[in-house]
Amino acid sequence: MAIGSKKENYDSEKPVIIKCKTSSPSIQLWKVYPDGENFGKIYDIKSDGEGGLVGTGCRISSDFGVSVMTVFRIDSDGKLKWFRVFSGSGTVEESGRCINVTKDGGVIVGGTLSASGGRKGDFAVIKLNKNGEIYGSDR
């Protein structure tokens with residue numbers, strides 16, 4: 001598996017994940033851009049234990065002009081199952097830095113979100129279920 005970015009033009013890069021078979025010769029199984037057309041970075045990615053991947057990072061918010069935290073899940077066929085964006089007050093850089101899969105198939109993400117008042121780098125821990133919903137929410 002390769003994780004990197006694809007340079008579309010001088011100003012932007014798109015994160016890309018390419019999963020390949022390890023036998024010789026290597027065959028590309030799938031390629032996915034978790035954040036579609038948006039500029040972004042992937043800081044951590046893990047196997048979900050079912051042949052897919054979960055990951056976290058950031059992207060530039062069109063609303064605030066600074067980065068916001070992103071979390072995503074890709075199934076074993078390379079299809080994006082869900083993509084979530086989290087933002088605090090939107091005044092400073094925010095990102096997901098580490099991710100782990102829980103026993104029930106959900107994820108725990110650690111990173112930074114800004115609190116009200118624009119304090120920089122408030123640490124955040126977010127727990128999502130297998131469907132990308134926040135635990136304890138009624139969404």
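**Figure 1. Strands β4 and β5 pair as an antiparallel hairpin in this predicted model.** Let's start with strand β4, residues 40-47, which is joined to β5 by seven bridges, the two running antiparallel. To find your place, look for Gly40, which stands opposite Arg59 in β5. Between the two strands of this hairpin lie five residues, and here Gly49 takes a positive phi near 85°.

**Figure 2. Strand β5 also pairs with β6.** Eight bridges link β5 to β6 (residues 67-74), again in the antiparallel sense. A handy landmark is Leu53, with Ile74 of β6 opposite. Is strand β5 largely enclosed or left open? Six of its eight residues (the strand covers 53-60) are buried, so the rest of the structure largely encloses β5. As you follow any strand in these views, keep in mind that side chains in a regular strand alternate between the two faces of the sheet.

**Figure 3. Twelve residues form the largest nonpolar core.** Which residues will you meet here? The 12 members are Val54, Met69, Val71, Trp82, Phe86, Ile99, Val107, Val109, Leu113, Ala124, Ile126 and Leu128. Two or more of these residues come from each of β6, β7 (80-86), β9 (107-113) and β10 (122-128). Another core, of five residues, lies apart from this one, and its members include Ile42, Ile45, Leu53 and Ile74.

**Figure 4. A close-up of Ile126 and its contacts.** Setting aside neighbours within four places in sequence, Ile126 is in contact with Met69, Phe86, Val107, Ile108, Val109 and Leu113. Among these partners, Met69, Phe86, Val107, Val109 and Leu113 belong to the largest nonpolar core, as does Ile126 itself.

**Figure 5. Strands β8, β9 and β10 make an open sheet.** The three strands are arranged in the order β8-β9-β10, with antiparallel pairing. β8 (95-101) and β10 are the edge strands, each pairing on one side only. On average, neighbouring strands of this sheet are turned by 20° against each other, direction ignored. Six bridges hold the pairing of β8 with β9, and you can spot Ser95 by its bridge partner in β9, Thr112.

**Figure 6. The whole chain, for orientation.** Stepping back, you will find 10 strands and zero helices. Buried residues account for 40% of the chain's 139 residues. About 7,900 Å² of the chain is exposed, with carbon and sulfur atoms supplying 50% of that area. Of the contacts between residues at least 6 apart in sequence, 39% join residues at least 24 apart.

Technical notes: Residues are numbered from 1 along each chain as its sequence is written. This is a predicted model: local features need pLDDT of at least 70, side-chain atom pairs count only at pLDDT 80 or more; totals for chains, interfaces and linings use all residues. Side-chain values use heavy atoms; hydrogens and water are left out. Helices (H or I, at least four residues) and strands (E, at least two) are DSSP runs, numbered from the N terminus. Buried means under 20% relative accessible area, exposed over 50%, partly exposed in between (1.4 Å probe, protein chains only). Contact means heavy atoms within 4.5 Å. Accessible areas come from the Shrake-Rupley method with a 1.4 Å probe; for residues, only the protein chains shown count as cover. Two strands pair if DSSP finds at least two bridges between them. A nonpolar core is a set of buried Ala, Val, Leu, Ile, Met, Phe, Trp, Tyr and Cys residues joined through side-chain atoms within 4.5 Å. Axes are lines fitted to C-alpha atoms, for helices over the stretch in contact, and angles run from 0 to 180 degrees between N-to-C directions.
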